[in-house]
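Ready for a few exercises? Take a look at what follows, try each task yourself, and then walk through the solution.

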Protein chains: 2
Amino acid sequence: MARSGRLSSPGDQRESGRQQILDVIRGAESIARIDIAKATGVSPATVTSITAELLAAGLIEEVAPETSAEMRRGRPRVALRIRGAAHRIAGLKVSHHVISTVITDFVGQELANHEMPLIKGSMPVPELCAQIRRALEFTCKKGGFTIDDLSGIGIGMAGMVDAQRSFIYWSSSLEARNVDLGAALAEVLPCPVFLDNDANLVAKAEHLFGEGRTCDNFIAITIEHGVGMGIVIDGQIYRGIRGCGAELGHTKVQLEGALCQCGQRGCLEAYVGDYALLREANISSGNERHSSVAALFQAAEHGDTMARSILDRARRMFALGLANVVNIFDPSKIILAGARLSFDHLYSDQLIAEMRQWVVQVDAPLPEVIVHDWGDLMWAKGAAAYAIEEVTARTVKELAYAAA
Amino acid sequence: MARSGRLSSPGDQRESGRQQILDVIRGAESIARIDIAKATGVSPATVTSITAELLAAGLIEEVAPETSAEMRRGRPRVALRIRGAAHRIAGLKVSHHVISTVITDFVGQELANHEMPLIKGSMPVPELCAQIRRALEFTCKKGGFTIDDLSGIGIGMAGMVDAQRSFIYWSSSLEARNVDLGAALAEVLPCPVFLDNDANLVAKAEHLFGEGRTCDNFIAITIEHGVGMGIVIDGQIYRGIRGCGAELGHTKVQLEGALCQCGQRGCLEAYVGDYALLREANISSGNERHSSVAALFQAAEHGDTMARSILDRARRMFALGLANVVNIFDPSKIILAGARLSFDHLYSDQLIAEMRQWVVQVDAPLPEVIVHDWGDLMWAKGAAAYAIEEVTARTVKELAYAAA
């Protein structure tokens, strides 16, 4: 029954104490020291000394006691909260046609945003770095500050991203494969950059501000050009060992099935992605070409049987994919997240009925399926939230080891 | 950015401290108090007082200092270890044809084992309870003690099990659905019973004694009558919200595909399970009936093209299922666990080559796929390990709240 006990150094211990205290302060919005001690189990004396250090570092600030019940009972207590002005943080979503940027303070309050159109979807590395810098400069200017005022930048991209190394195995935004984009961006940006797969950042945004707020175990699914998935387990994004997990769009739903843009056959994406629908539509309908999924959807609504058949199969395949997610994760909810338009042709009561039919049958309620309609700026906000977490973790580490 | 900080009571804190210290002792086999303090970050004084309490409760014992380097350097230190005699724990695997039982001490050392054949696979609840009690009595007798000497019993069964409630939504071992088997067993057994899905217990056994020993993120896959999966994330079994996750065998690999024993169509199991192969074999070959997968495998080896075709498709579908697991979890390894016979017809270099072809392509090594050949007693040992953990957790909770 041997199992390695994880040894942790005194520095690790101090780091985890500080992180825990900051998490509680962030979670509570504002909270008295004694309540921090209760919430963390750290002794009041230690809470006092650590919060003194966090105050000195400017990460938190004191809030004047409220003129409320507390006061009237004659024991006003100074509360602590995260200091918004501590850091300015940027979040970006790089998609094919636009870079969406949001700048927030350290609390997560939005200071500025901007959507910068892109002419090309796929770029060489230096060009993408330049475009990202341009998007940041624009947005900072709108907010009345400069790029040098930023403390951290979170960036979400489609593709296979190893978040831990800020390394891109493959992204549709980049011409090259295997790019150390973190290093390339470090050359043109003045502060730390944190890269992640965009669907993971959607899941993070849902967890922090969206439909996943009250929920520590859920799955976010996005449909844009492809199908993305973000997995939240016990409040954490699950990324896999190489950062290549959660590739729902490329799970196979048919042996030797339809050709996918990834070059393989039978991927879920090859049945429900935009390109898959348009490919089928334009082969089926001869000269009469459908230029968008919206047009195809409209044709189906107007009784076009071929369009109807194409969308029906896509919906059934999507229901099958959702059922597989339930059969594997048994999550408390599934959030279909993104611009409403991307789901309209797939989402219906029929989808849920079909999914239900393909889930292992137990006499317990199915996970909720929620459609959460939002635009790219929400994804960018997820990227900012990720950067806030990472900047916090780095600062805490510095403080913990400085205190050694 | 509001996010609820989890409040924990002083009792919870004491509980987690005791659990952490016991985990470190169990992990280290034997360890001095000062090293426990280093490993946990708990102060030496608190370690001394908690270990005194664990000693008094009989959960741990002192080990005489070794006559080794320590001694010669003139500072012999008394080490602590888990006290094997503290508890006798049983683990059972209930399958269709046999109940496999193992009894271990509190360290996990095997004291006795027994395999009791079953005449019926599916039973009414009282009959299954009686058979489980019989299997336990037999095994205890072999070990020279009685069922009343047991402190906890872990039981693994195929099906949909809510481990937290010891509740069976459905199992092929039970005629009824939705059975509170924990309550039924409590009527006939003298100590706490902990139920789980058998594939979860295989994953636990792999983590504690098998191929998952050095690994905190892996997937165990079993093939018997059906296809099972145990998911280990950060060293913990992932069960899903209702306890209905990890149902790989019922993920759909084809829309409206082959009929599964669950009543749905297109499940992976309906292509690779024993019954699926024999169904196809006996339709294809007319009068010449194949009575087992082993016979079918032999026919294929001897050049029977129909048998070859059936097994080829099963292998390809299994490779597709494994590729889907990699695409979703990106685990550090996949362990195909169980009696070798169950995999022989599926496992080959070709399987790995096909899986590789269906995994999202990144320039990073694929997870290892390991075949771990073992019998039902290893599953039973996983069940015992689960019971050891649960008995430990209960005892710790009692101690923590008694110390309040």
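**Exercise 1. Find the bridge partner of A:Ile89 in E7(A), then work out the surroundings of strand E4 of chain A.**

Step 1. In E7(A), A:Ile89 is bridged to A:Gly152. Helices (H or I, at least four residues) and strands (E, at least two) are DSSP runs, numbered from the N terminus. This is a predicted model, in which local features need pLDDT of at least 70, side-chain atom pairs count only at pLDDT 80 or more, and totals for chains, interfaces and linings use all residues. Residues are numbered from 1 along each chain as its sequence is written, while chains are lettered from A and ligands numbered from 1 in the order in which they are written.

Step 2. Widen the view to whole strands: E4(A) and strand E7 (residues 150-157) of chain A pair in the parallel sense over seven bridges. Two strands pair if DSSP finds at least two bridges between them.

Step 3. Now try the other partner. Strand E5 (residues 98-105) of chain A runs antiparallel to E4(A), and seven bridges join them. In E5(A), A:Asp105 is the bridge partner of A:Arg88. E4(A) and E5(A) form a hairpin, with three residues between them.

Step 4. Check burial. Seven of the seven residues of E4(A) (residues 88-94) are buried. A residue is buried if 20 or more other C-beta atoms lie within 10 Å of its own, exposed if 12 or fewer, and partly exposed in between, with C-beta atoms placed from the backbone.

Step 5. Sort the directions. A:Arg88, A:Ala90, A:Leu92 and A:Val94 point one way from E4(A), A:Ile89, A:Gly91 and A:Lys93 point the other way, and all are buried. That fits a general pattern: in a regular strand the side chains alternate between the two faces of the sheet.

**Exercise 2. Which residues of helix H13 of chain A are buried, and what do they pack against?**

Step 1. Go through H13(A), residues 349-358: A:Glu354, A:Met355 and A:Trp358 are buried there.

Step 2. Look down the axis of H13(A): the buried residues fall within an arc of 100°, so they line one face of the helix. The arc is that of the directions from the helix axis to the C-beta atoms.

Step 3. Turn to the other side of H13(A), where A:Asp349 and A:Ala353 are exposed.

Step 4. Find the packing partner: the buried residues of H13(A) pack against helix H11 (305-329) of chain A.

**Exercise 3. Describe how H2 and H3 of chain A pack.**

Step 1. Helix H2 (residues 33-40) and helix H3 (residues 44-56) of chain A meet at an angle of about 115°, and their axes are 9 Å apart. Axes are lines fitted to C-alpha atoms, for helices over the stretch in contact, and angles run from 0 to 180 degrees between N-to-C directions.

Step 2. List the contact: H2(A) brings A:Arg33, A:Ile34, A:Ile36 and A:Ala37, and H3(A) brings A:Pro44, A:Val47, A:Thr48 and A:Thr51. Two residues are in contact if their C-beta atoms, placed from the backbone, lie within 7 Å.

Step 3. Sort those residues by type: five are nonpolar, two polar and one charged. Here Ala, Val, Leu, Ile, Met, Phe, Trp, Tyr, Cys and Pro count as nonpolar, Asp, Glu, Lys and Arg as charged, and the others, Gly among them, as polar.

**Exercise 4. How many residues does each chain put into the contact between A and B?**

Step 1. Chain B puts in 61 residues and chain A puts in 61 residues.

Step 2. On the side of chain B that touches chain A, H1 (10-28), H2 (33-40), E9 (167-170) and H11 (305-329) of chain B each supply at least two residues.

Step 3. H11(B) gives the most to that side, with eight residues.

Step 4. By type, the residues on that side of chain B divide into 31 nonpolar, 18 polar and twelve charged.

**Exercise 5. B:Asp234 and B:Asp330 have positive phi values; place each one and say whether it is buried or exposed.**

Step 1. B:Asp234, with phi near 50°, sits in the loop between strands E12 (227-233) and E13 (236-238) of chain B. B:Asp234 counts as exposed, because it has 11 C-beta neighbours inside 10 Å.

Step 2. B:Asp330, with phi near 45°, lies in the loop between H11 and strand E14 (333-338) of chain B. B:Asp330 is buried, with 25 other C-beta atoms within 10 Å.
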